[in-house]
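Thanks for coming, everyone. I would like to spend a few minutes on the empty space inside this structure and on the contact between its chains, so please have a look at it with me.

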Amino acid sequence: MKVFKSTTLLAMGLSAIMLFTGCSSTSERPSENNSKADETKPKVVNLYTDRHYDSDDKLYSAFTEETGIKINVVKGKSDELIERLKTEGADTEADLLITADVGRLHRAKVSSLLQPVDSQVLKTNIPENLRDKENYWFGLTKRARVIVYAKDRVKPSELSTYEDLANPKWKGKILVRGADSVYNQSLLASFIETMGEENAKKWASGIVANMARAPKGGDRDQAKAIAAGEGDIAIMNTYYFGHMLNSSDPEEKKAAEKLAIFFPDQNGTGTHINVSGAGVVKSAKNKENTVKLLEFLASEKAQKSFAEANYEYPVLKSVDSSDLLKSWGSFKEQPISLSKLGELNEKAVKILNEVGWK
Amino acid sequence: MNIQRKVSMRSVLAFLSIIIINLPIIAIVSRVNFSSNSNWKHFKQYLLPDAVSNTLLLVIITLLLSGTIGVLLATAVALFDFPLKRFFEWVLYIPITIPPYIAAYVYAGMLSYTGVIQRLCRDWDISLQPQWLDIMNIRGAVFIYSITLYPYIYGVVKSFLENHSGNFIDTARVLGYKPIKLFLKVILPLIRIPLIGGFMLVMMEVVSDYGVIKYFNIQTVSSTIFNSWFGMGETGVSIRLSFYVMIFIIALQVIEEIMRGRKKYNLGSGRARPITAIKLKGFKRYAMIFFLILFITVAFLIPVGQMVVWAILAFQKVSLANLSQIIFNTLLYSTLATIIILILNILIAHSRRWMSTKSGFIMSKLTQLGYSMPGAIIAIGTITIFVAFDGLLHPLYRFFDPNAKKLLLSTSVTMLVFAFVVRYMAIGYNSVNSAFAKVGLKYNDAARTLGISRTKAMLKVELPMLKNSLIAGFILTFIDILKELPLTLLLRPFNYNTLASRVYEYANDERIHEASVPALIIIFLSILAVILLVRINSRKGGIKKK
């Protein structure tokens with residue numbers, strides 16, 4: 001009986017392996033005739049997004065009201081959504097991928113997950129440096145990664161460039177989150193582009209040497225740590241600061257009011273910006289509707305909502321930033337092509353590991 | 001001959017379900033590549049040392065701390081009688097309802113500059129070094145894991161002590177053992193087996209956790225798996241690493257089995273006497289109550305109280321659209337997955353009893369593999385399998401509907417429920433298997449002499465006897481799925497939200513106040529489940545009554 005059982009086990013195992021390999025070879029077969037019934041298709045856009053703001057949901061409902069096109073959403077982390085798109089291949093139901101970082105859009109593009117879109121509206125509304133050269137992806141909102149400092153301990157005249165933060169005079173003063181933050185990776189990638197790999201690495205190790213504490217928490221936690229006096233300067237994204245100033249917790253507001261924003265590199269290359277943006281999925285089954293949605297998101301109405309509800313900078317020039325953003329003043333932006341941030345991401349991650357940026 | 005055929009049919013079913021639930025793991029393992037490329041070298045040089053030492057440190061200290069808490073609390077509740085004992089007995093389960101990542105956010109928030117403690121100190125002009133209150137480090141992570149995971153240990157140890165140790169403890173007491181000697185010489189050796197089972201669960205939770213360590217920015221094996229796969233797009237390193245983690249956990253289990261194998265613990269007849277609780281008097285009584293209240297305050301009241309305050313502050317900013325739909329979704333699919341897990345576990349545990357020790361052991365380990373890998377990795381394996389299934393089944397779909405889309409299963413909730421089953425089989429398995437092991441074969445054999453089949457004997461005789469253990473397994477699994485995050489995020493179909501995904505959406509955006517609202521609902525629902533669990537458990541011992 002025992003012999004019988006182990007043979008059963010073996011047979012089951014083998015059949016499972018056969019089943020599995022059989023399955024995967026089937027899935028690799030290119031699938032055809034996916035959409036035969038175009039006429040009966042409901043009006044939808046299927047969206048994979050890494051933006052989780054309630055204000056975005058409101059925008060989608062507004063779009064549905066305007067156009068009658070329903071939006072179906074899967075919210076997740078961009079890296080995992082990209083992995084899911086890869087696995088689903090040509091059969092995916094997703095039409096549009098939205099991420100909160102340009103590096104991920106670039107990765108989706110080079111993984112052949114996106115397709116180019118030829119839209120006059122998008123070309124006019126979105127500045128050239130904020131969209132892919134070949135129109136595979138489009139930036140929808142801008143985020144600036146800036147210096148935030150303690151008003152009572154740092155004079156703005158002492159601040160100048162990102163590079164200066166690596167100067168030993170800031171030893172034990174700098175707060176910044178971990179190396180796994182995509183915003184830090186993109187920041188470093190931009191320096192690899194502007195100052196070369198060697199100097200970028202030197203900068204990163206200078207920052208590590210100047211850190212007030214081991215990196216931890218999110219961007220807001222860095223700001224709070226300045227307020228607590230653990231350090232004097234934080235590197236963080238503007239919209240988190242905006243959220244703090246408008247927090248439902250009066251203490252958080254108070255803490256944020258002790259701090260101010262400084263846009264670095266204004267006499268040099270400019271402040272680092274990143275975009276959250278979108279690209280149409282290569283095998284989108286609802287391309288026409290999807291482009292409509294993209295154009296809607298680049299329209300004045302949507303851009304205004306991005307600026308006001310989430311303190312992001314609109315990409316559409318004619319739209320004013322929110323009052324809060326205006327109060328911080330305008331600034332000169334890093335002029336580099338954002339695709340570079342994606343291309344250099346891996347190099348940036350490796351440098352961060354090598355210099356011991358935890 | 002007839003018997004042999006039936007035995008094999010049962011095993012076939014059990015093996016088949018085990019193989020199906022392991023398909024995602026096979027999908028991942030089949031991608032393991034051992035060549036040493038530049039990424040692997042980079043990883044080995046810069047990330048591996050920290051990842052391994054931090055993970056080991058976290059696991060070992062968490063096991064020590066949560067083990068100490070769990071064992072002490074269980075012993076205290078089982079051995080002594082004091083006012084409000086019934087109340088504390090179930091309240092001590094409750095911290096299991098707080099997902100560790102939420103506890104991490106809440107404690108870090110409370111201890112931060114804007115948190116209540118530092119604010120009060122400022123108001124009262126007490127100067128504090130911010131470092132004193134820093135919880136975002138390994139020590140803090142151990143604290144968070146211990147207060148949220150100890151109930152796994154508390155639960156198994158307590159029920160073991162209450163149901164199986166009466167004879168031993170009473171004998172020792174008669175022999176004049178003082179409490180400390182009793183604890184060291186009798187209780188600790190007795191509870192070794194359930195304790196190790198609890199340790200395994202806690203260890204796997206800690207090893208695969210990503211929420212706490214990401215926020216605290218601690219480099220562990222799990223964070224490295226995530227960062228290299230999802231951050232660098234480097235699948236080679238992460239797959240190889242998750243494979244090693246899995247092997248490591250299997251190895252531990254094999255070692256444990258070998259060690260246990262040498263000493264057969266036979267608890268004699270099923271008529272184990274319940275423990276006689278000693279009434280605490282005077283000072284001791286108040287000390288006990290004081291410590292229990294203190295503990296519950298730290299592990300539950302403080303974090304939940306803080307969340308209530310935040311939820312009130314942020315209530316207006318939280319979108320409650322579709323809330324009832326979200327709760328319904330969450331409950332429906334958690335329940336569905338839990339029922340499937342329970343049925344499969346019954347099938348497996350039932351047939352395990354007729355197997356040789358070795359194949360039974362292999363089978364039980366195979367049911368638990370899904371729990372030893374990080375959730376997101378299981379998720380990727382599951383998508384791979386479902387897309388393949390859909391490819392295979394597409395002709396069938398088209399047979400029914402010529403326009404059928406190809407990705408039918410993988411765009412439905414089926415995929416998510418399947419992944420839940422893969423991942424949480426281990427949680428239910430422990431209670432179901434120990435229940436079946438406890439009754440052994442005697443009832444089944446007896447029923448068979450009356451001429452009914454083994455399966456029928458199981459359904460008619462054994463299941464009713466084991467009802468309590470099964471329901472306990474059900475509720476533990478249910479709570480775990482309720483809190484689940486990575487699978488839901490990655491595998492959900494369009495427009496599908498759960499409470500946990502809502503928590504993530506706010507927390508990921510560093511809006512912890514807003515996240516408190518859905519988090520509190522998760523905790524509330526889990527508490528309802530715990531109350532149910534305790535009420536069932538307090539209707540003592542299924543076996544004895546029959």
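What volume does the largest cavity have? Before I answer, please keep in mind that what we are looking at is a predicted model. The largest cavity comes out at about 190 Å³, and the structure holds 9 cavities of 30 Å³ or more.

Let us look at the walls of that space. The largest cavity is lined by 16 residues, and those that lie nearest its centre are R213(A) and E230(A) from one chain, with S112(B), Y113(B) and M136(B) from the other. By character, the lining divides into 9 nonpolar, 2 polar and 5 charged residues. As for the helices, α7 (219-227) of chain A and α4 (100-111) of chain B each supply at least two residues of this lining, and α7(A), with 3 residues, gives the largest share.

That brings me to the contact between the chains, which takes 80 residues from chain A and 83 residues from chain B. The area buried between chain B and chain A is about 7,100 Å², and carbon and sulfur atoms give 58% of that area. On the side of chain B, Y113(B), F494(B) and E510(B) supply 11% of the area it buries against chain A, more than any other three residues; Y113(B), you will remember, is also among the residues nearest the centre of the largest cavity.

Now for the polar side of the contact. Between chain B and chain A the count is 10 salt bridges, one of which joins the side chains of K358(A) and D50(B) at 2.4 Å, N to O. Across the interface there are also 27 residue pairs in polar contact, both residues being at pLDDT 80 or more.

Which helix gives the most to the side of chain B that touches chain A? Helix α16 of chain B, residues 375-400, does so with 11 residues, while that side as a whole divides into 42 nonpolar, 25 polar and 16 charged residues.

How values were computed. Residues are numbered from 1 along each chain as its sequence is written. Chains are lettered from A and ligands numbered from 1 in the order in which they are written. This is a predicted model: local features need pLDDT of at least 70, side-chain atom pairs count only at pLDDT 80 or more; totals for chains, interfaces and linings use all residues. Side-chain values use heavy atoms; hydrogens and water are left out. On a 1 Å grid over the protein atoms alone, a cavity is a set of points where a 1.4 Å probe fits but cannot get out, and a pocket is an open set with protein on both sides within 12 Å along at least five of seven lines; lining residues have an atom within 4 Å of a point. Grid points are joined across faces, edges and corners, and a volume is the space filled by probe spheres set on the points. Helices (H or I, at least four residues) and strands (E, at least two) are DSSP runs, numbered from the N terminus. Ala, Val, Leu, Ile, Met, Phe, Trp, Tyr, Cys and Pro count as nonpolar, Asp, Glu, Lys and Arg as charged, and the others, Gly among them, as polar. Contact means heavy atoms within 4.5 Å. Buried area is the accessible area (1.4 Å probe) that two parts lose on being put together, summed over both. A salt bridge is a side-chain nitrogen of Lys or Arg within 4 Å of a carboxyl oxygen of Asp or Glu. A polar contact is a pair of N or O atoms within 3.5 Å; within protein, one must be able to donate a hydrogen and the other to accept it, and residues adjacent in sequence count only if both atoms are side-chain atoms.
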